Amino acid sequence: MTTEAQKISKPLPAQQSSLPWLVLFTGWIVPGAGHVLLGKWIRGTLIFAAILGMYLLGLGLQGKIYTPSSDILDLLGFLGQLGMGMGYFLARLFGWGAGSVLLTVGDYGTKFLTVAGLLNIIAAVDAHSLANGRKAS
Amino acid sequence: MLTHFSAVLLFALCVSVVFGITQRADPKKMVRFGLFTFACLVGAVIVISWLMYAIKH
C-alpha cells in the first residue's frame, strides 16, 4: 500500500521525457511558445499578445532596462526583466528602453517591463506543468 | 495619449489574461478568473485613488 508521500514523489510519465524542459525553455525565450508547442494555440497566442503588449508599452514609455548590478533593487529588477527571455536580450542588444528613468512615465514603463518578465515566467512554468501532467489540461 | 487610468486598464487587462490562463485548468473557469482578476485590479485602484483623495482633502 502506497502512502500519500509516495504518491506525490512518484514521477509522472511525461516527466521522464525531455519535453517538459524543452517547453519551459521555449516558453521562456518566446512568450506563449511553450503552450503552442503543446498544441494549445489559443492560450499561447493570448499569452504572447498580453506579454508582448506589456513589453512594447514598457519600451514605449521609456522604461528602464536593468543590467546585473550589486544594488539589490536593481538586481531584482534585472531578474524580473530577464524573465522576458528573447525580449530582454533584444532590448540589451539594440539599446531599447532607457538606461535610467528620465520621465515620470518611465517609471510606469519600468513596471510594465518587469511585470511582463514575471508573467512570462508564470506562463512558462504553466506550460511545463501541462507538459509533465501536473496540470490537468 | 496614455493617461494614468488607461495605463492601469491595459496593465490589468494583460495581467488578468495571463493569470486567467495559468491559474485555472478549465476554459470557463479561466474566463471567470480572468474577469475576477481584472475587476480586483481596477477596483483596488479606484478605491485606493478615492482614499488618497479623501486623505488629501
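Okay, let's start in the middle of this thing, with the largest nonpolar core: it has 32 residues, and the ones touching the most other members are A:Ala50, A:Ile51, A:Met54, A:Phe112, A:Ala116 and B:Val18. Who supplies it? Helices α2, α4 (41-60) and α7 of chain A, along with α1 (4-23) of chain B, each put in at least two residues. The largest share comes from α7(A), with 11 residues. And before anyone asks, yes, this is a predicted model, with ipTM 0.92 and pTM 0.88.

Let me stay with B:Val18 for a second, since it's the chain B name in that list of top members. Which residues does B:Val18 touch, leaving out anything up to four places away in sequence? You get A:Ile47, A:Ala50, A:Ile51, A:Leu119, A:Ile122 and A:Ala123.

That takes us to the contact between the chains, which uses 18 residues from chain A and 10 residues from chain B. On the chain B side, nine of those are nonpolar, one is polar and none is charged.

So what does chain B look like overall? It has two helices and zero strands. Its radius of gyration is 14 Å, while the globule rule gives 10 Å for 57 residues, so chain B is more spread out than a compact globule. If you box up the C-alpha atoms of chain B along the principal axes, you get roughly 45 × 25 × 10 Å. Buried residues come to 19% of the 57 in that chain. On confidence, the mean pLDDT of chain B is 95, with 100% of its residues at 70 or more.

Over to chain A. It has seven helices and zero strands. Of its 137 residues, 41% count as buried. Take the chain A contacts with a separation of 6 or more: 71% of them are between residues 24 or more positions apart.

Here's a spot I like: A:Gly27, which sits in helix α2 (residues 19-29) of chain A. Buried or exposed, with 30 C-beta neighbours inside 10 Å? A:Gly27 is buried, because the cut-off for that is 20 or more. Beyond four places in sequence, A:Gly27 touches A:Ala33, A:Gly34, A:Ala123, A:Ala124 and A:Ala127. You may remember A:Ala123 from the B:Val18 list. There's a nice long-range pairing too: A:Gly27 and A:Asn120 are 93 residues apart in sequence, yet 7.5 Å apart in space, C-alpha to C-alpha.

Next, helix α5 of chain A, residues 72-82, where A:Gly77, A:Gly80 and A:Gln81 are buried. Looking down the axis of α5(A), those buried residues fall within an arc of 95°, so they line one face of the helix. What covers them includes α6 (86-94) and α7 (104-132) of chain A.

Last stop, A:Trp96, in the loop between α6 and α7 of chain A. A:Trp96 has 19 C-beta neighbours inside 10 Å, so it counts as partly exposed. With neighbours within four places in sequence set aside, A:Trp96 is in contact with A:Leu59, A:Ile65 and A:Ala91. A:Trp96 and A:Lys64 are 32 residues apart in sequence, and their C-alpha atoms are 9.1 Å apart.

If you keep one picture, keep the core we began with: 32 residues, with α1 of chain B among the helices of chain A that feed it. Okay, over to you.

Key: Residues are numbered from 1 along each chain as its sequence is written. Chains are lettered from A and ligands numbered from 1 in the order in which they are written. This is a predicted model: local features need pLDDT of at least 70, side-chain atom pairs count only at pLDDT 80 or more; totals for chains, interfaces and linings use all residues. Two residues are in contact if their C-beta atoms, placed from the backbone, lie within 7 Å. Ala, Val, Leu, Ile, Met, Phe, Trp, Tyr, Cys and Pro count as nonpolar, Asp, Glu, Lys and Arg as charged, and the others, Gly among them, as polar. A residue is buried if 20 or more other C-beta atoms lie within 10 Å of its own, exposed if 12 or fewer, and partly exposed in between; C-beta atoms are placed from the backbone. Helices (H or I, at least four residues) and strands (E, at least two) are DSSP runs, numbered from the N terminus. The arc is that of the directions from the helix axis to the C-beta atoms. The radius of gyration is taken over C-alpha atoms; the globule rule is 2.2 Å times the number of residues to the power 0.38. pLDDT is the predictor's confidence in each residue, from 0 to 100. A nonpolar core is a set of buried Ala, Val, Leu, Ile, Met, Phe, Trp, Tyr and Cys residues joined through C-beta atoms within 7 Å.
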